[in-house]
Amino acid sequence: MSQNTAVTAAWHYHRVTSHSWESVRKGPHTLDWSNYPRPFKIYRDLPALPLPQTWSRSTRPGLAAVLDSGETSPLRGKVDAAALARILYLSAGVMRWRDLGGMRVPFRAAACTGNLHHIDTYVVCAHVPGLDAGVYHFGPHDFALRCLRRGDFRGNLCAAAAAPEEFRDAPVWLVFTSTFWRNAWKYRARTYRHAFWDCGTILANLLAAATSGEIRHRLLVGFVDDDVNHLIGVDGRREAALALVALGSGVPAPTRREEVPALQLAVEPSSPREIEYPEIVAMHRASALSDADEVRAWRRGARNISAGAVAAATFLPALPQLPSAPIEDVIAKRGSTRQFAREPIRADVFGTILRAACTRVPAEFQAQARLTSAYVIAHAVQGLEAGTYASTADGSRLLPLARGNFRHEAGALALGQALAADAAANVYMLADLHTILPALGNRGYRAAQLEGGIAGGRMYLAAFALGIGATGLTFFDDDVTAFFSPHAAGKSVMFLTAVGKPAKRSAR
């Protein structure tokens, strides 16, 4: 569907899935544990191709990689099976398993709403050292690939993505999908937002891992949906492609497209009964692109978006020297903080985290400017008066909006969650959909939510690199906008991250 199509679908979806006091009063959604979805996609008959278990660790500080857009210096690293395995592990891999309530639960490299891991990764590649050309599915549960198609299908993918000429020589492309039910089991129709949040936190890890490994990378959200879905063998309805990433350089893609017969591969059901939410189906269909001309037109729309100015702002310091831990160690420590101590954090620590949130993404939808901007409730940041603020585009300056202790209000805005009240600060990524949707159509909603998720993922990494904690939270949509108005009037919340010092666990 063209980006010129009326954007009523995005507005409708956003409104019907917004949290309000009225919607929450309807009562909690009852979770049917007998229908709990499995957190992995399992092919019944495909043999596993184990990935390398060892690879070169980055010597570059992990936080430096988080703060680097990947566009400021040449990235000439080569992609082989080991480099690909490293990126897959650090972005979508299982870091550890825990026994919880009689269940063996995986904890992944990136944060995910409800720990309901509904994002899958597919690989479309040329022959690279250690891996034959083909289309593969990545199985985090056994850290292996499964071959769906043999041969080099990058020409097909580049055509579907109307890939910019400078990225048509990427030897490896990654395709990220969501199986919506695996998250909708708990979150129902709001899952379409979560699809891009949870893909965004994975991408935050991937961007940092690729930068630290000096692997060139580019994120694309514009592509012909049906062609990409068909290539990887998903239906585009219950499981659908969300984003593409090109990795590496120096291996030109075929100019011709291969024949792509339909795949008939047996997959274990996610759970005994899947429930489809029509709001998700309608929103995804309305934001689809049908041919390469629409993809190119969609990208041109991003050039019409400019950054909003924030004037008379106060400088927020950043750390003069970043910690030396590589990204591998940062991701290994990352988790979602379950309780914050009401203790202050330093201004330069918070300034570094905010800059991470606001770092540009190497993506076509940021052709001119970011789609989201940061708003802050500061509770306990040394050298920063408690109150509310709007951030400049790069996160280096803050415009004071209101002064005072807003812990109670912060907790109320986050659906009454104490985490938001106890944190040192809360960072809200807001987007002006009144500007984005006319320029980028319904698909602009995907991009804005994804950018919010990437910002949240980067704040996770920055916080843990700096020895404090972070967690993503949900929120009452319109109440957040009203709270930061008049400055935020007309904007919509895409993501909320709370940061602060974790509370010490009591000894058992």
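These legends accompany several views of a predicted model.

**View 1. The fold at a glance: the protein chain has 17 helices and 16 strands.**
Laid along its principal axes, the C-alpha trace spans about 65 × 50 × 50 Å. A compact globule of 508 residues would have a radius of gyration near 23 Å, and the protein chain, at 21 Å, agrees with that.

**View 2. Inside the chain: buried residues make up 61% of the 508 residues.**
Here it helps to look at what touches what along the sequence. Of the contacts between residues at least 6 apart in sequence, 81% join residues at least 24 apart.

**View 3. The surface and the charges of the protein chain.**
The accessible surface comes to about 19,900 Å², and carbon and sulfur atoms hold 51% of that area. If you like to think about electrostatics, the protein chain carries 56 positive and 44 negative charges. The mean positions of these two sets are 4 Å apart.

**View 4. A close-up on Cys147, a cysteine in no disulfide.**
How many disulfides does the structure hold? The count is 0. For Cys147, the nearest cysteine sulfur belongs to Cys125 and is 8.6 Å away. A disulfide needs two cysteine sulfur atoms within 2.5 Å, so Cys147 and Cys125, with 8.6 Å between their sulfurs, do not form one.

**View 5. Two cysteines, Cys147 and Cys358: buried or exposed?**
Cys147 has a relative accessible area of 19% and is therefore buried, as the cut-off for buried is under 20%. Cys358 is buried too, with a relative accessible area of 5%.

Technical notes
Residues are numbered from 1 along each chain as its sequence is written. This is a predicted model: local features need pLDDT of at least 70, side-chain atom pairs count only at pLDDT 80 or more; totals for chains, interfaces and linings use all residues. Side-chain values use heavy atoms; hydrogens and water are left out. Helices (H or I, at least four residues) and strands (E, at least two) are DSSP runs, numbered from the N terminus. The radius of gyration is taken over C-alpha atoms; the globule rule is 2.2 Å times the number of residues to the power 0.38. Buried means under 20% relative accessible area, exposed over 50%, partly exposed in between (1.4 Å probe, protein chains only). Contact means heavy atoms within 4.5 Å. Accessible areas come from the Shrake-Rupley method with a 1.4 Å probe; for residues, only the protein chains shown count as cover. Lys and Arg count as positive and Asp and Glu as negative; His and the chain ends are not counted. The place of a charge is taken as NZ of Lys, CZ of Arg, CG of Asp or CD of Glu.
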